[in-house]
Amino acid sequence: MRISILALLMAAAIKPAFAGDDFWVTANELNRRTCPSEECGIVGKLLFREKVQVHEEKDGWVRISKFYDGACNNGRSSFVEEGNDTCSPDNGITEGKLAEWVAKEHLSSTRPSDPGLGASGAEKLVAKSDDFQAHRKIFAGAALKLISAGTCTEKDFLDMGGWVKSTKKTSPPTYFTYCRDGRDRIYLNAETGRTYK
C-alpha cells in the first residue's frame with residue numbers, strides 16, 4: 001500500500017508541533033487553567049523549573065494533562081481553586097471532563113538553570129527554598145536573623161533545604177521552615193521579611 005506525500009503532510013499538520021515534548025516552567029508561578037483562556041478557572045499552579053509534557057497547542061496555550069473527571073457537583077467543579085468554576089464548555093469542562101492548560105510563553109524547551117548554583121554565605125543555606133530566585137535576599141536575611149537570635153541553626157536550614165512555600169497561607173506569600181530539630185515551625189512573610197511562629 002502506497003501512502004501519498006500529501007497524506008503524510010496532512011498527518012504531520014494535524015499533530016501539534018509540541019505534542020509529547022517536555023518543557024520547563026520559566027515563571028515563578030504559572031496558573032493551570034481549565035481551558036486556554038485567562039477567563040477559565042484555575043485548578044492549581046506550577047512552580048519555576050517544574051517539568052510538564054505538552055499534549056496539544058492552541059492559540060498560545062498548551063494542554064499539559066489528559067482529560068480527567070472534573071468533580072462536578074451542581075454544575076460546579078470542586079477542583080477549581082480560583083475563578084470560574086462552572087462545569088461548562090466555555091470553561092473547558094465538557095461532559096464533566098477537564099484538562100489543564102498553561103500559557104505557552106512561560107515554558108521553555110530547556111530547563112532553566114538552578115538559581116541556587118553558586119550561592120554562597122547565607123544564600124547557600126537557603127538555596128533549595130521554594131521560589132528561591134524570587135526571594136533569595138529575603139530568605140537569606142531572615143535565616144541570618146533567626147540564626148543570630150539563636151532561634152535556628154545553620155544545620156536546621158541545611159536539613160530543611162531552606163524555606164517551604166505554604167499552601168494554606170498564600171496572601172501575602174508565606175513560607176516556613178523548622179528549627180530546633182523540627183520542634184518549632186517558623187513562618188516568613190516574603191513581602192516584609194517578618195518571621196513568626
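In what order do the three strands of the open sheet sit, and is their pairing parallel or antiparallel? The order is β4-β1-β12, and the pairing is antiparallel. Keep in mind that you're looking at a predicted model.

Let's stay with that sheet for a moment. Its edge strands are β4 and β12, and each of them pairs on one side only. Strand β1 covers residues 22–25, and its antiparallel pairing with β12 runs over two bridges. If you want a spot to zoom in on, try W24: across from this residue, in β12, stands S108. As general background, the strands of a sheet pair through backbone hydrogen bonds, in either a parallel or an antiparallel way.

Here are the three strands with their residues:

| Strand | Residues |
|---|---|
| β4 | 51–53 |
| β1 | 22–25 |
| β12 | 107–108 |

Now zoom out. The protein has four helices and 16 strands. Its radius of gyration is 21 Å, well over the 16 Å that the globule rule gives for 197 residues, so the protein is more spread out than a compact globule. Along the principal axes, the C-alpha trace spans about 75 × 45 × 25 Å.

What about the inside and the outside? Of the 197 residues, 39% are buried. The protein exposes about 11,700 Å², with carbon and sulfur atoms supplying 51% of that area. Among contacts with a separation of 6 or more, 56% come from residues 24 or more positions apart.

Last, the charges: there are 28 positive and 27 negative side chains, and the centres of these two sets lie 5 Å apart.

Definitions and conventions:
Residues numbered from 1 in each chain as written. Predicted model: local features only at pLDDT ≥ 70, side-chain atom pairs only at ≥ 80, totals over all residues. Heavy atoms only, no water. Rg over C-alpha atoms; globule rule 2.2 N^0.38 Å. Buried < 20%, exposed > 50% of the residue type's maximum accessible area, 1.4 Å probe, protein only. Contact = heavy atoms within 4.5 Å. Areas by Shrake-Rupley, 256 points an atom, 1.4 Å probe, with all protein chains shown as cover. Lys, Arg positive; Asp, Glu negative; His and termini not counted. Charge placed at Lys NZ, Arg CZ, Asp CG, Glu CD. Pairing = 2+ DSSP bridges.
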